[in-house]
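Colleague: Could you take me through one part of this predicted model in detail, namely the place where the two chains meet? I would be glad of the contacts behind it as well.

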Amino acid sequence: MSVFMSEEPLLQVHNVTRYYGDRIGCSNVSFDLFPGEVLAIVGESGSGKTTLLNCLSTRLAPTAGAIEYRMRDGSMRNLYQLTEAERRLLMRTDWGFVHQNAADGLRMNVSAGANVGERLMAVGDRHYGNIRATADDWLGRVEIDSDRIDDDPRSFSGGMRQRLQIARNLVTRPRLVFMDEPTGGLDVSVQARLLDLLRRLVADLGLSVVIVTHDLAVARLLSHRIMVMRQGNVIESGLTDQVLDDPREPYTQLLVSSILQV
Amino acid sequence: MNDTAEIYDQGEYNFAYLDEQTKRMIRRAILKGIAIPGYQVPFASREMPMPYGWGTGGVQVTASILGKDDCLKMIDQGSDDTTNAVSLRGFFEKTAGIRTTYETSEATVIQTRHRIPEKNLTENQVLVFQVPIPEPLRFLEPRETETRKMHALEDYGLMHVKLYEDIAKNGHIATTYAYPVKVNDRYVMDPSPTPKFDNPKIDQMEALQLYGAGREKRIYAIPPYTKVKSLDFEDYPFEVQKFDKPCGLCGAENVYLDEVILDDKGGRMFVCSDSDYCEERRAEGHAGPMAADPAAIQIGGATVEETI
């Protein structure tokens, strides 16, 4: 796959550390993320995956370290030195965040169409017809029927909610999407369909993605590179196939070998 | 010793009920509100001798701006003689001893509950609104910390989400009162629950508008000649309510009408919500389709005067 078109990284992470009091959330994490690249962060519960993701997405300030992002004008900016207004604009235009629990990422009391249209309206779109047409188009892309556009997400199944959340995030054509266990809590067939959809969208839109998952199969299917975390530290990283087929660290070997083979 | 202190010594109310320090505090909030049109200024709202919801915010604002020469008009849903208006007018008559009036043009301060008079206001007048919930974003975002931030960052996309929902569910913007406006191209503001019919009057109004929310402890203001735009979509522009009949009593058109049920057989009439405007028109000789015979009105009027 020739998705690594640019040599300039989109996101640069330098020694990001987060403490919760005396306890370590994640420690000394550094990596570069390039445009069009999908990075999976794997590890068991409590290994610091979500802490790291929250630090990256400016939802949780790191105790130490720096995170730089290449803005649309090409300049590299430290995320935690942006003004609140800049950061919010970034989060609703250039970025997406897909929560594990779709209800966290959706407005449950407004219709699906309004959920998808919210970002458009937030950046100044004021034409109802256009907003609705765009929302309809995006619902189609995530395989939600047009006639559900005026229904509340409350009436949607888990899988549909997750797809709606993805549409809502992608409508402004972001360049970077964070995903926290996007397939968690879904049954296996729905998971497979969602993964197919995600893979297609990521490839079509050339998205950069940081995906947190404890499911190695998800990492295998979606990601180009993988980072294995344990007790707040990155213990192994590399190309996904390489790490999963030939794990070096004992812990990674344990992780890989603990997948049930049906 | 000035008059105020003298009255105080006799165990009377201070002029207009509130003590002078409280008035200063409220005036500061009002001045700040005028300086930043549409911005909700927090203030230390006092307990008033009336329940929340009766206009404690408006009363405090009025009390702080009243002078001895002012002439006060009180409006409750357009009318001068319904409970709220009568009680609050009585309150200020008792505590400030100032002149009160029903006539819009005679008043210098008009406190209103949810209507703006039909007659154009002038630079010499101040319109005080009673506000139950000052935060236009409240029902979309329950956290006060978040709504403040949204105001600070002009993050108003959510407001349009609400209007979008209206159109998606009803085919048109179904919000008919407390219709959100953008003041001076900056702050989104709730013009208190006035019918959206009155929204165009807020724009470039000659009179100063003050909004007081007692329970929520907020004051905001729109200075004279300020641009106020009702939010809408390009393809669903803002529209006011239209009435297909004129006022039943005075025949006025393009005014806001109240529906009055006449009997239990479906009889009804529509009359001006602004009672002073309606009476003035009738006095000028205008008559609507349901008005009584002019002679009967005169007899009726005479009887009332005799009783008094």
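Modeller: Happily! Between them, chain B and chain A bury about 1,900 Å², where buried area is the accessible area (1.4 Å probe) that two parts lose on being put together, summed over both. Carbon and sulfur atoms account for 58% of that. On the chain B side, B:L153, B:V161 and B:Y164 supply 31% of the area this chain buries against chain A, more than any other three residues. The contact (heavy atoms within 4.5 Å) draws 20 residues from chain B and 22 residues from chain A.

A word on the ground rules: this is a predicted model, in which local features need pLDDT of at least 70 and side-chain atom pairs count only at pLDDT 80 or more, while totals for chains, interfaces and linings use all residues. Residues are numbered from 1 along each chain as its sequence is written, chains are lettered from A and ligands numbered from 1 in the order in which they are written, and side-chain values use heavy atoms, with hydrogens and water left out.

Now the polar side of the story. Five salt bridges are counted between chain B and chain A, each a side-chain nitrogen of Lys or Arg within 4 Å of a carboxyl oxygen of Asp or Glu. A:E84 forms a salt bridge with B:K149, with 3.9 Å between the closest N and O atoms. There are also eleven residue pairs in polar contact between the chains, both residues at pLDDT 80 or more; that term means a pair of N or O atoms within 3.5 Å, where within protein one must be able to donate a hydrogen and the other to accept it, and residues adjacent in sequence count only if both atoms are side-chain atoms.

Which elements of chain B carry this surface? Helix 5 (144–152) and helix 6 (157–170) of chain B each supply at least two residues of the side that touches chain A; helices (H or I, at least four residues) are DSSP runs, numbered from the N terminus. Helix 6 of chain B gives the largest share, nine residues. By class, the side of chain B that touches chain A has ten nonpolar, two polar and eight charged residues, counting Ala, Val, Leu, Ile, Met, Phe, Trp, Tyr, Cys and Pro as nonpolar, Asp, Glu, Lys and Arg as charged, and the others, Gly among them, as polar.
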